[in-house]
Amino acid sequence: EVGSLTDWIKSSKLMQGFDQILLPGEPESITFRDRSLNGISIDQNTWEKIVRLAEKAGVSSKLITGME
């Protein structure tokens with residue numbers, strides 16, 4: 001029955017400006033899949049802070065950036 005309900009909900013007419021109907025948990029699954037494949041975007045300022053803190057803790061910047 002749950003599968004039928006899901007199919008029925010997803011077959012509903014879309015509202016203007018939307019291209020799909022998502023059920024609870026689906027946005028998170030999509031984000032998880034995307035980040036697993038493509039990594040997590042970090043702005044330059046935040047990345048520089050991470051590198052500085054890691055270096056302060058004794059971690060090589062080459063190791064942090066994957067250049068070692």
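In this predicted model, E26 and K10 form a salt bridge, and their closest N and O atoms lie 2.9 Å apart. That distance falls under the cut-off, since a salt bridge requires a side-chain nitrogen of Lys or Arg within 4 Å of a carboxyl oxygen of Asp or Glu. By this rule, the count for the protein is one salt bridge. K10 belongs to helix 1, which covers residues 2–10, and E26 belongs to helix 2, which covers residues 26–38, so the pair ties together parts that are 16 residues apart in sequence.

Both partners can also be placed by their exposure to solvent. E26 has a relative accessible area of 26% and is therefore partly exposed. K10, with a relative accessible area of 34%, is partly exposed as well. The two values fit that class because partly exposed covers the range between buried, under 20%, and exposed, over 50%.

Helix 2 can be followed from E26 onward. It has 13 residues, and at 1.5 Å a residue these should span 18 Å; the C-alpha atoms at its ends are 18 Å apart, so the model agrees with the expected span. After helix 2 comes G39, which has a positive phi, near 85°.

Between helix 1 and helix 2 runs a loop, and M15 is located there. The relative accessible area of M15 is 62%, so M15 counts as exposed. M15 is also part of a nonpolar patch on the surface, together with L14 and F18. The accessible area of these three residues together is about 350 Å².

The remaining points concern the whole chain. The protein contains four helices and zero strands. Read from the N terminus, the order of its elements is α-α-α-α.

How does the radius of gyration of the protein compare with that of a compact globule of 68 residues? The globule would have a value near 11 Å, whereas the protein has 21 Å. The extent of the C-alpha trace can be given along its principal axes, where the trace spans about 55 × 25 × 20 Å.

The accessibility totals complete the picture. Of the 68 residues in the protein, 6% are buried; a residue enters that class because its relative accessible area is under 20%. The protein has an accessible surface of about 6200 Å², and carbon and sulfur atoms account for 57% of that surface.

Conventions: Residues are numbered from 1 along each chain as its sequence is written. This is a predicted model: local features need pLDDT of at least 70, side-chain atom pairs count only at pLDDT 80 or more; totals for chains, interfaces and linings use all residues. Side-chain values use heavy atoms; hydrogens and water are left out. Helices (H or I, at least four residues) and strands (E, at least two) are DSSP runs, numbered from the N terminus. Buried means under 20% relative accessible area, exposed over 50%, partly exposed in between (1.4 Å probe, protein chains only). The expected span of a helix is 1.5 Å times one less than its number of residues. Patches are made of residues with over 30% relative accessible area and no salt bridge: like charges are joined within 9 Å, nonpolar side chains (Val, Leu, Ile, Met, Phe, Trp, Tyr) within 5 Å. Accessible areas come from the Shrake-Rupley method with a 1.4 Å probe; for residues, only the protein chains shown count as cover. The radius of gyration is taken over C-alpha atoms; the globule rule is 2.2 Å times the number of residues to the power 0.38.
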